[in-house]
Amino acid sequence: MDSISNLLAAPDLGDLSPAEWCQVFFIFSASSVVMLQLLPDHMRRTLLDYGARRATPNQAPGQKAEVEAPKAGFLDVLTSYGQLPHAWFIHFYIASVSWSIFWGWQFLSKGTVMRTVAEMQHRSAVATPSPEVELTGTLVAWLLMSSQGARRLFECLFVMRRGSSPMWVVHWALGLAYYTALGVSVWIQGSGAILQSWESPRPIRFTPQIIIGAAVFGFAGAQQSNCHRHLASLKKYTLPNEGWFRYLLCPHYTFECLLYLSLAVVAAPTGCVFNRSVLCSLVFVLANLGTTAYGTKVWYANKFGADKLAGKRTMIPFVF
């Protein structure tokens, strides 16, 4: 936490390294999502709800409206513009896969873009001594992130149903920015090892930390896929109640968080438990999905009754 506090207290943003820029983006985005929770209920739902949970003014979440209610205020008018199909979520995973391919190609070809960014990061790491990620951890983290993006893209194309419900363009833009920053974060703290590997071969060494982190990542990905398949098999707006859904309302969000936690372990610098940049991305995921999970709980309670949710946690076992 001290490192994050120091990052936020940095007097000159021009002195930040590429990794720190990614961290600032994740923390700022997470803070913005949390701050929105302080708004009045109607304003918060207008800005944050999307898809089936998005209620029209004067309509409770989950309540079916026969006729769309008139716009009630400035925020309703504002968010009525720039509405995009919720199915555009697929663009997030297209972006994720595209960035993974781009950075992989840059690594293999010793590309100018990666070299420039890596040299900026390495100079910063030398000026302010900090541990860096070894080549093995960097490559494994990149491969895991690539597999996650490819799996989610496959699910969007062939598993999940494409709905016609809307989302605000701000949600879409933030998602694209997130996956762009994440595509850099998985390798940026291994810049020194990348540059050295281009000069001479580097040994590939699988540490217990990398192996355990990758195993947890694989488990979380498989369980999340099962959750998505169950959701896709349901009739429209049916309460999911099989597998992990017997214990959690949004287990697919739970495993999303576990994916990034394990990725932070795999990409950790030497002597560290977590990769700071990837861990900051997890902070954003927790804030964003936590908000969405709470909205889903309210929607479920209104539509199916609070008694149907008894005994289930929302997203994090034993906590939330």
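**Ring pairs, a helix crossing and unpaired cysteines**

Author: The structure holds 21 aromatic pairs, where rings of Phe, Tyr and Trp (its six-membered ring) pair if their centres lie within 6.5 Å. This is a predicted model, in which local features need pLDDT of at least 70, side-chain atom pairs count only at pLDDT 80 or more, and totals for chains, interfaces and linings use all residues. Residues are numbered from 1 along each chain as its sequence is written, and side-chain values use heavy atoms, with hydrogens and water left out.

Reader: What makes the pair of Tyr178 and Phe284 tilted?

Author: Planes under 30 degrees apart count as stacked, over 60 as edge-to-face and the rest as tilted. The planes of Tyr178 and Phe284 are at 35 degrees, with the ring centres 5.2 Å apart, so the pair is tilted. Tyr178 lies in helix α8 (residues 169-188) and Phe284 in helix α12 (residues 276-304), 106 residues apart; helices here are DSSP runs (H or I, at least four residues), numbered from the N terminus.

Reader: Why is Tyr178 called buried?

Author: Buried means under 20% relative accessible area, exposed over 50%, and partly exposed in between (1.4 Å probe, protein chains only). Tyr178 has 4%, so the residue is buried. Phe284, at 6%, counts as buried too.

Reader: Why is the pair of Phe219 and Phe255 called edge-to-face?

Author: The planes of Phe219 and Phe255 stand at 80 degrees and the centres are 6.1 Å apart, so this pair is edge-to-face. Phe219 counts as partly exposed at 41% relative accessibility, whereas Phe255 is buried at 5%.

Reader: What makes α5 roughly perpendicular to α6?

Author: The axes of helix α5 (residues 90-109) and helix α6 (residues 112-127) come within 8 Å and cross at roughly 85 degrees. Axes are lines fitted to C-alpha atoms, for helices over the stretch in contact, and angles run from 0 to 180 degrees between N-to-C directions. Angles under 35 degrees count as roughly parallel, over 145 as roughly antiparallel, 65 to 115 as roughly perpendicular and the rest as oblique. The crossing of α5 and α6 is therefore roughly perpendicular.

Reader: How do you know that Cys250 is in no disulfide?

Author: A disulfide is a pair of cysteine sulfur atoms within 2.5 Å, and a search of the whole structure finds zero. For Cys250, the nearest cysteine sulfur, that of Cys227, is 9.9 Å away. Cys280 is in no disulfide either, with the sulfur of Cys22 nearest at 9.7 Å. Cys250 is buried, at 1% relative accessible area, and Cys280 is buried, also at 1%.

Technical notes. Helices (H or I, at least four residues) and strands (E, at least two) are DSSP runs, numbered from the N terminus.
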